[in-house]
Amino acid sequence: MSHQLSWTDTHCHLNDDALGPMLADVLHRAKASHVDRIVCVAVDAETSRNSLNLLPPKISGTTPHVFFSAGIHPNYAHQEMPGDWESILQLLDDERIVALGETGLDQYWDDCTFDIQKANFARHFVASRDSGLPVIIHSRDCDEVMMQTLQDEYSEGELRGIMHSFTGSLEMAKACIDMGLYISFSGIVSYKKNGMLREVASKLPMDRILIETDAPYLSPEPVRATRPNEPALVVHTASTVAHARGMRLEDLADATTENALRIFQRMR
Ligand SMILES: [Zn+2]
């Protein structure tokens, strides 16, 4: 019996200008590549609101099921307008919103001061505890302070969330998992120089691993030159992880989709 693959791209930006103009084609190509679920991730109040109206009207039935997040990215937190956070909180009642974020901490870019980033990150956890929704966490060049922040939040109770496009160490991944978090791998895990990250992907418990594109960014090998990245290409990241773990692709599809349905409870 042939096994029906079913993938979930847990993180992409369908609301990005690079994908917007060809969205119907992007969605059809995703479905043709067995990507049945997509989480369209917001980066500020505007994308949180607008994404819900993003899908082309009258699109045919052969597209993935698209879900959404609402939240403010650390690199955009300084651009917040009065009322933005309140409008995000109001969106959380919409059943199509399955997560908060993306949010987190970023010391690579310095558009936004670190104090503002931290305060912004912290209120997403408050909203997560109130709503039960998971937090999609962006972490760049700040492993130490990220882990300290997560430990502080964990002292308030088990965390619900996803370390998105994870690039840290095995030790960091395990510590995140111990606090309740899931680890999501993007195309970065497929890049030739990242043997260490493939090693991390090979050693984590299977029930905490997710896959994502982060499209339109981070096209995976062997299609790294393709621009923009899109959900249909998530299978390349998946096959890197499957290969690293010595797993069959269909088993990885089953497991990662099961994980997505568990952490994004509103997907079920
Ligand atoms: Zn992203």
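**Exercises on helix packing and strand pairing**

The axes of helix H8 (residues 234-245) and helix H9 (residues 249-263) come within 9 Å and cross at roughly 110 degrees. The model is predicted, so local features need pLDDT of at least 70 and side-chain atom pairs count only at pLDDT 80 or more, while totals for chains, interfaces and linings use all residues. Residues are numbered from 1 along each chain as its sequence is written.

**Exercise 1.** Classify the crossing of H8 and H9 and describe the contact.

*Solution.*
1. The crossing angle makes H8 roughly perpendicular to H9, a class that covers 65 to 115 degrees.
2. H8 contributes Ala238, Ser239, Val241 and Ala242 to the contact, and H9 contributes Leu249, Leu252 and Ala253; residues are in contact if their C-beta atoms, placed from the backbone, lie within 7 Å.
3. By class, the contact has 6 nonpolar, 1 polar and no charged residues.

**Exercise 2.** Determine how strand E2 (residues 35-40) is covered and how E2 is joined to other strands.

*Solution.*
1. Of the 6 residues in E2, 5 are buried, that is, 20 or more other C-beta atoms lie within 10 Å of their own.
2. Strand E1 (residues 7-12) runs parallel to E2, and 4 bridges join them; strands pair if DSSP finds at least two bridges between them.
3. Thr8 has Arg37 of E2 as its bridge partner.
4. From E1 the chain crosses through helix H1 (residues 23-32) to E2, in a right-handed β-α-β crossover: with the strands pointing away from the viewer, the path from the first strand over the helix to the second runs clockwise.
5. Strand E3 (residues 65-70) is also parallel to E2 and joined to E2 by 4 bridges, with Phe67 of E3 as the bridge partner of Val39.

Key:
A residue is buried if 20 or more other C-beta atoms lie within 10 Å of its own, exposed if 12 or fewer, and partly exposed in between; C-beta atoms are placed from the backbone. Helices (H or I, at least four residues) and strands (E, at least two) are DSSP runs, numbered from the N terminus. Axes are lines fitted to C-alpha atoms, for helices over the stretch in contact, and angles run from 0 to 180 degrees between N-to-C directions. Angles under 35 degrees count as roughly parallel, over 145 as roughly antiparallel, 65 to 115 as roughly perpendicular and the rest as oblique. Two residues are in contact if their C-beta atoms, placed from the backbone, lie within 7 Å. Ala, Val, Leu, Ile, Met, Phe, Trp, Tyr, Cys and Pro count as nonpolar, Asp, Glu, Lys and Arg as charged, and the others, Gly among them, as polar.
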